[in-house]
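Thanks for coming. Please have the sequence and the structure open while I talk, and stop me if you lose your place.

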Amino acid sequence: MKKKEIPVDGMSCAACAVSIENTLKNSPGVKSATVNYANHTAIVEWEDLETNIGELQKAVQSSGYDLLIGDITQEELDNKQQEAYQKLKQKTLYAGMLAFPVFMIGMFWMHMPYGNYIMWALTTPILLVFGNQFFKNAWNQTKNLSANMDSLVAISTGIAYCYSTFNTFLPDFLISRGLEPHVYFEAAAVILFFILLGKMLEAGAKAGTGEALKKLMSLQPKELIIMENGLEVLMKTDEVKKGAQVLIKPGQKIPLDGKIIDGESYVNESMLTGEPIPVAKTPNSDVYAGTINQAGSFVFVVNAESSQTLLSQIIQRVKAAQGSKAPVQKLVDKIASIFVPIVLVIGIVTLIVWGLSGTTDAWLRGMLAMITVYVIACPCALGLATPTAIMAAMGHGAELGVLIKDAESLERGTQIDTLILDKTGTITEGKPQVETFEATEFFQEKDKTAFYNLEKKSDHPLANAISEYLKGDLAPIQNFQSITGKGVVGVFQEVTYRIGNLKWLKAEKVILDENLLKKAEQYLAEGAIIVFAAKETKFLGFFKITDPVKPSSLKAIQQLQALDIEVQMLTGDQKNTAAFIANAVGISQYEAEMLPEDKANYIKNLQAKGRKVAMVGDGINDSEALSIADLSIAMGQGADIAMEVAEITLVHADLIKIPQSLQLTRKTVKIIKQNLFWAFIYNVIGIPLAAGVLYPAFGFLLNPMIAGAAMALSSVSVVSNSLRLRRVIRD
């Protein structure tokens, strides 16, 4: 079984997407197919033994479209789409330049000498050059016994043009029958201009919804340093294969998965474990893509290539999300698939009814009414209602650092009434800070200077917290050593100082203070981190290091509660720590000392009571609970959990993003409903008006030219309404 996202070429409306989707679904071996008009892609799943991508391309080509199955990069695809947009923009400009004088002559100077010939000369290139795509697509549809929006445009403008051309060169035919040989070049020209204008604005708007994705893609490291024969060689990340040796310097994000073969460092893996303290890395330690190296340098052997990196998977998730369909879109697709044939029938019935009505110029009026019906009934607004809103939401979400897995997650986000939070790295910073230093009677002021300079030389992740707390004067340290996993040691003014863990100091024969040790145990029970300090064999005290609550946590929880969402906290920490944190951020319901399966069972119990539960986690240990929740949210830059289980990933690990993301889901569904309402109302009102339903009572008959403008305006209004999502939520 294979599944792939494939760019689609040649689509011009929502009905095109439905036609291609049906073609793919009816192809042998295809298990599922989703075609999205908004981003011009198809996501196809097929059985490789029954068909192949080449056969699928032939099937789509037979219906007048194409699948771009070649080895095309995202940059090449973007360039291709940009070229198409620029070409469409150029066509629209030229069509507008020609259509304007045609409009002026047809509406205000209709009796000017040779006016009809001038209009014919200007209208012909609009149809045959700048608007020929509609006729080509309509012909391809006709060959396959189907119809789409291009069929409506081609029929309406084609009839108007041919009728006007006939009356221009053979006017005596109607004059001899007592009829005025009217021409409607302005209708055909302006209709095509408005349709091209609408398509250009749609294309520009759709390109705008993808800007955030492009920004996200620009974050991916394109180059890294590999070691070859002892030399540093700069290479593109996507060219690096398994087995290559990659050099990682301080502060760099690790681009690929691998195993360290040389060097030591500390790596921030909070996205994997949920623990705030970076992990010591030595030879044979595993490192993972997306984790961040702290201070040391090391070389690792690659065991996972570029396509498996964290950021590339996030990008794929955003792309898949923009192409996904909300459940409401399935109804729209069904309507679009039968919409065009129904409109074609309505147009023919309109012509016949008018022709048999007995009014003056009945068949002429009938033909104009039929043209108007075909123009105003364009299904673009209907087809764009949902996908443009989803794309805009996904794009704005990405800008905010909120990555939404699919359209269904957007809809489910509106139903949440209970939110479960993990503690470490979610509510708390995940960045340690020294709260206090508990000293013994042996501690002297010069010892503070020694500790400060010792930690300034250290690459331990807690060293910055300690040196930031002490803020002393710089002084030389001799014989400095950093012992990974234990601590640091050095000589200051001929005295040896050590800072590290208790087990190491005991091994170094340091004489400990039992009273302070009891105090340290109390702090440890509250969730603090303790780092011990000694001078020679004298115990000088310990640093109490805590993981503070994020500044945004309280505000975020208050915002969630204002949205009528009950916030609860589940943590594996001890009860005292849990109680302190819960009280600090205003959470009344919490559970401590919970194992992963306990969290999952807790969520099941809530769901059994009818609650719609969202779970927020940041590590593999949360995977079971995340998979069970109605909506799963991954904090941090994520691990496998964020890629596979979570439906929403918060890139910046900021709790304030949760109410923003839930607000975004609510706004998106609201705008989708608005779009669908106006698209339906537009057609319900527009088609009868175009057919002439008001003519018997009021003598009103809609001009085809006005219908073309209204059709374009409807599509633009839907897209513009969707783009409001790009600014409704702010940081």
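**Aromatic pairs, one helix and one sheet**

I will start with a single ring: Phe437 is buried, at a relative accessible area of 16%. The cut-off here is under 20%, so Phe437 falls on the buried side of it. Keep in mind that this is a predicted model.

Which strand holds Phe437, and which residue is its partner in the pair? Phe437 is in strand S16, residues 433–439, and Phe543 is in strand S21, residues 538–546. The two are 106 residues apart, so this pair links distant parts of the chain. The ring centres of Phe437 and Phe543 are 4.5 Å apart, with the planes at 40 degrees, so the pair is classed as tilted. Phe543 is buried too, and its relative accessible area is 0%.

Now a second pair. Tyr523 and Phe542 have ring centres 6.0 Å apart and planes at 70 degrees, which makes the pair edge-to-face. Tyr523 belongs to helix H19 and Phe542 to strand S21, 19 residues apart. Tyr523 counts as buried at 12% relative accessibility, and Phe542 counts as buried at 0%.

How many aromatic pairs does the structure hold? The count is 16. Ring pairs also build a cluster, made of Phe437, Phe443, Phe451, Phe492, Tyr497 and Phe543.

Some rings have a charge over them. The charged end of Lys544 sits over the ring of Tyr523, at 4.1 Å from the centre of that ring. Lys457 lies over the face of Phe480, and here the distance to the ring centre is 5.7 Å.

Next, helix H21, which spans residues 575–585. Which of its residues are buried? They are Thr577, Ala578, Ile581, Ala582 and Val585. These residues are on the same side of H21, because they cover an arc of only 125 degrees around the axis. The face turned away from that buried side carries Lys575, Asn576, Phe580 and Asn583, which are exposed.

What covers the buried residues of H21? The cover includes two helices, H19 (514–525) and H20 (553–562), and two strands, S22 (566–570) and S23 (589–591). After H21 comes Gly586, with a positive phi near 80 degrees.

Strands S22 and S23 also belong to a sheet. As general background, strands of a sheet pair through backbone hydrogen bonds, and the pairing is either parallel or antiparallel. This sheet is open and has 7 strands, in the order S14-S26-S25-S24-S15-S22-S23, with mixed pairing. Its edge strands are S14 (402–404) and S23, each of which pairs on one side only. From one strand to the next, the twist averages 20 degrees.

Let us look at one pairing inside the sheet. Strand S15, residues 418–421, and strand S24, residues 613–617, run parallel and are joined by 4 bridges. For Leu419, the bridge partner in S24 is Ala614.

Last, a residue outside the helices and strands. Leu694 is in the loop between helix H25 (657–691) and helix H26 (695–698). Is Leu694 buried, exposed or partly exposed? Leu694 counts as partly exposed, because its relative accessibility is 30%. Leaving out residues up to four places away in sequence, Leu694 touches Leu689, Gly699 and Phe700.

That is my list. Questions, please.

Terms used: Residues numbered from 1 in each chain as written. Predicted model: local features only at pLDDT ≥ 70, side-chain atom pairs only at ≥ 80, totals over all residues. Heavy atoms only, no water. Buried < 20%, exposed > 50% of the residue type's maximum accessible area, 1.4 Å probe, protein only. Arc of directions from axis to C-beta. Contact = heavy atoms within 4.5 Å. Phe/Tyr/Trp six-rings, centres within 6.5 Å; stacked < 30°, edge-to-face > 60°. Lys NZ or Arg CZ within 6 Å of the ring centre and 35° of its normal. Pairing = 2+ DSSP bridges. Axes fitted to C-alpha atoms, helices over the stretch in contact; angles between N-to-C directions.
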